[in-house]
Amino acid sequence: MAQEQLKVLNALDVAKTQWYHFTAIIVAGMGFFTDAYDLFSISLVTKLLGRIYYTEPGSLKPGTLPPNVSAAVNGVAFCGTLMGQLFFGWLGDKLGRKKVYGMTLMMMVLCSFASGLSFGHDAKGVMITLCFFRFWLGFGIGGDYPLSATIMSEYSNKKTRGAFIAAVFAMQGFGNLTGGIFALIVSSAFKSAYPAPAYENNAAASMVPQADYVWRIILMFGAIPALLTYYWRAKMPETARYTALVAKNTGQAASDMSKVLQVEIKEDQEKAAEVEERSKKQFGLLSKQFLKRHGLHLLGTATCWFLLDIAFYSNNLFQKDIFSAVGWLPKAQTMSALQEVYMVARAQTLVSLCGTVPGYWFTVAFIDVVGRFIIQLMGFFLMTVFMFGLAIPYNYWTTPGNHIGFVVMYAFTFFFANFGPNATTFVVPQRSSSRFRSTCHGISSAAGKAGAIIGAFGFLYLAQPTDPSKADAGYPAGIGVRNALMILGGICGLGFFFTFLVPEANGKSLEEMSGENEDDEVEEYQLSGIDNRPVLV
C-alpha cells in the first residue's frame with residue numbers, strides 16, 4: 001500500500017517551472033560543460049604532442065604518439081572518471097550531495113589547470129605529468145556524473161524532470177563545441193603570429209617552438225568555466241529528498257525548500273514521524289529487497305551505458321583518425337604542426353555543431369513527450385543503421401569525391417547517439433531509492449566509463465589497417481576502420497535489446513519510481529511469498 005507523501009516532496013513534484021530550476025540547470029550543467037571540454041579536448045592536441053615530442057630527425061613523416069603513450073594519454077582520464085563515479089556516488093549518499101559537490105569541482109579546476117604543466121622538457125617527463133593530472137581530473141569529473149544527475153532530479157518536478165536532467169547533460173555538447181572553437185582560435189592566432197612551412201618542405205621549420213604553448217593553453221582553459229560556478233554551487237541548499245529521507249530532518253527540508261520555492265511549507269509532524277519510523281526498517285544496498293526493487297533496472301541501465309560508451313567514445317576520441325582515413329584531413333606531412341591542429345579542430349567543430357549539439361537538445365525537447373524508453377530504443381536502432389551504413393560501403397566513402405557524404409553519415413551517428421542513449425542513459429538511473437540514488441547512478445555511469453576505456457584503448461589497435469606496412473608507426477596490424485565500424489554497429493544493436501530492461505518513468509515522482517512510499521510490511525510479505533495478514537471482511 002502506498003503511503004502519503006511528505007508535503008515538501010509533493011511541493012517539489014507539483015511546482016511550476018521557475019527561475020530556481022534554470023539556476024540549477026546552469027550550475028549543474030556547467031560542470032558537464034567542463035567535463036566534456038576536458039575529456040574531449042585531448043583529442044585535439046594528441047597529433048601535436050606526437051609532432052613535438054616524438055618526431056625523429058630525418059623522418060619522412062612527422063612523429064606520432066607511440067601506441068602505449070597514446071592509449072595512456074587518451075584513456076587515463078576515463079580510468080580516473082570510473083573510480084570517481086563509484087567513490088563520489090557512494091560518498092554523495094553518505095555525506096550529502098552538496099558537501100561532496102564542491103570537492104569534485106575544485107578537483108576539476110586544479111587538475112585541469114595542472115594538465116598544462118610539465119616536469120622537465122623531455123617526452124617521458126611531460127607525458128607522465130600529463131597522465132598523472134588527467135587521471136585526477138577524471139576522478140573529479142567522475143563525481144560530477146552521479147551528483148549532478150541526483151541533485152537535478154531531486155530538485156525537479158514530475159512533469160519536466162526528464163527535460164531538466166537531459167538539459168544538464170546537454171551542456172556536454174556545448175563543452176565539446178567550445179573545445180573545437182577555442183582550439184581554432186588559439187591555433188589560428190599562433191599560426192598567424194608564427195608562420196611555418198609544411199613538414200615535407202622543411203621538417204624542422206614546420207614546428208615552431210611556440211607550438212608547445214598551444215596544447216597547454218587549450219587544456220588549461222577548461223579550468224575557467226568550472227571555477228566560475230563554484231560560488232553558486234556553494235550557495236545551493238542540500239536537496240530536500242536527502243535532508244528529509246536520508247538525514248531524517250524534515251523540518252530543515254521544509255525550511256530550505258520554502259526559500260527555494262518562495263512558498264511557506266509546514267510539514268505534518270505526524271507524517272514526518274511515520275517516515276522516520278519507516279526508515280528504521282530500511283534495506284541495504286544489494287540486499288534481497290534491493291535486488292527485487294532495483295536489480296533488473298540497474299542491470300539494464302549499466303549495460304546500456306556500457307555498450308553505448310564503447311561506440312560513442314571510440315568515435316569521438318578518434319574522429320581525427322577517421323577523418324584522415326577518408327581523406328577529409330590532408331596528410332600530416334603536407335601541413336605544419338599548427339595547421340594540423342587547426343584542421344583537426346575544424347573537423348571536430350563541424351561534427352559537434354551539426355550532429356552533437358542538436359541531438360542533445362532534441363532529447364531535451366522530446367524526452368517528456370515521447371518518453372525515455374522510446375528515445376533510447378530509437379537512438380540505438382538508428383546508430384546501428386548508420387554504423388553499418390558507414391561500414392558496408394566503406395570503400396565507396398573513401399573514394400575521392402565521396403568524403404562529404406561520409407562526414408554527413410558520421411554526423412548522424414552522433415546526432416542519434418545524443419538524441420538517444422547518450423542522453424537517456426544519464427537520465428534513467430535516477431529511479432532508485434534516495435539512500436542509493438547517487439550510488440546507483442555512480443555504478444551505471446562507471447559501467448559506461450568501462451565501455452569508454454575499451455573504446456579508447458581498443459579502437460587504437462582495431463582501426464589500424466590489415467596491411468602491417470600501412471599501420472601507424474609502432475602499431476601492429478589491425479582489422480581496419482571498416483571492420484571496426486562493423487563491430488561498433490553490432491554493439492549498438494545489443495544496446496537496442498538491453499533497453500527492454502529499462503522501464504519507462506515518464507510523469508512519475510521519484511518516490512513512485514523507487515517504491516519508497518510502499519508499505520514496508522507489504523513488501524516484506526511479498527518477498528516471503530506468504531501473506532498472514534488478517535483479512536478484512
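## Helices α2, α6, α15 and α21

Helix α2 crosses helix α6 with a right-handed sense (clockwise turn of the near helix from the far one, by less than a right angle). By class, this contact holds 17 nonpolar, 8 polar and no charged residues. Nonpolar means Ala, Val, Leu, Ile, Met, Phe, Trp, Tyr, Cys and Pro; charged means Asp, Glu, Lys and Arg; the others, Gly among them, are polar.

This is a predicted model: local features need pLDDT of at least 70, side-chain atom pairs count only at pLDDT 80 or more, and totals for chains, interfaces and linings use all residues. Residues are numbered from 1 along each chain as its sequence is written, and side-chain values use heavy atoms, without hydrogens and water.

The helices are DSSP runs (H or I, at least four residues), numbered from the N terminus.

| Helix | Residues |
|---|---|
| α2 | residues 19–54 |
| α6 | residues 161–193 |
| α15 | residues 337–370 |
| α21 | residues 480–498 |

The axes of α2 and α6 come within 6 Å and cross at roughly 40°. That makes α2 oblique to α6 (neither under 35 degrees, nor over 145, nor 65 to 115). Axes are lines fitted to C-alpha atoms over the stretch in contact, with angles from 0 to 180 degrees between N-to-C directions.

Helix α15 has 34 residues and should span 50 Å at 1.5 Å a residue; its end C-alpha atoms are 47 Å apart, which agrees. The expected span is 1.5 Å times one less than the number of residues. α15 bends by about 45° at Ser-352 (angle between axes fitted to the seven residues ending there and the seven starting there). Just after α15, Gly-371 has a positive phi of about 100°.

Phe-496 lies in α21. Its C-alpha atom is 9.7 Å from that of Leu-308, 188 residues apart along the chain. Phe-496 touches Leu-377, Phe-380 and Phe-381, not counting residues up to four places away in sequence (heavy atoms within 4.5 Å).

Notes:
Helices (H or I, at least four residues) and strands (E, at least two) are DSSP runs, numbered from the N terminus.
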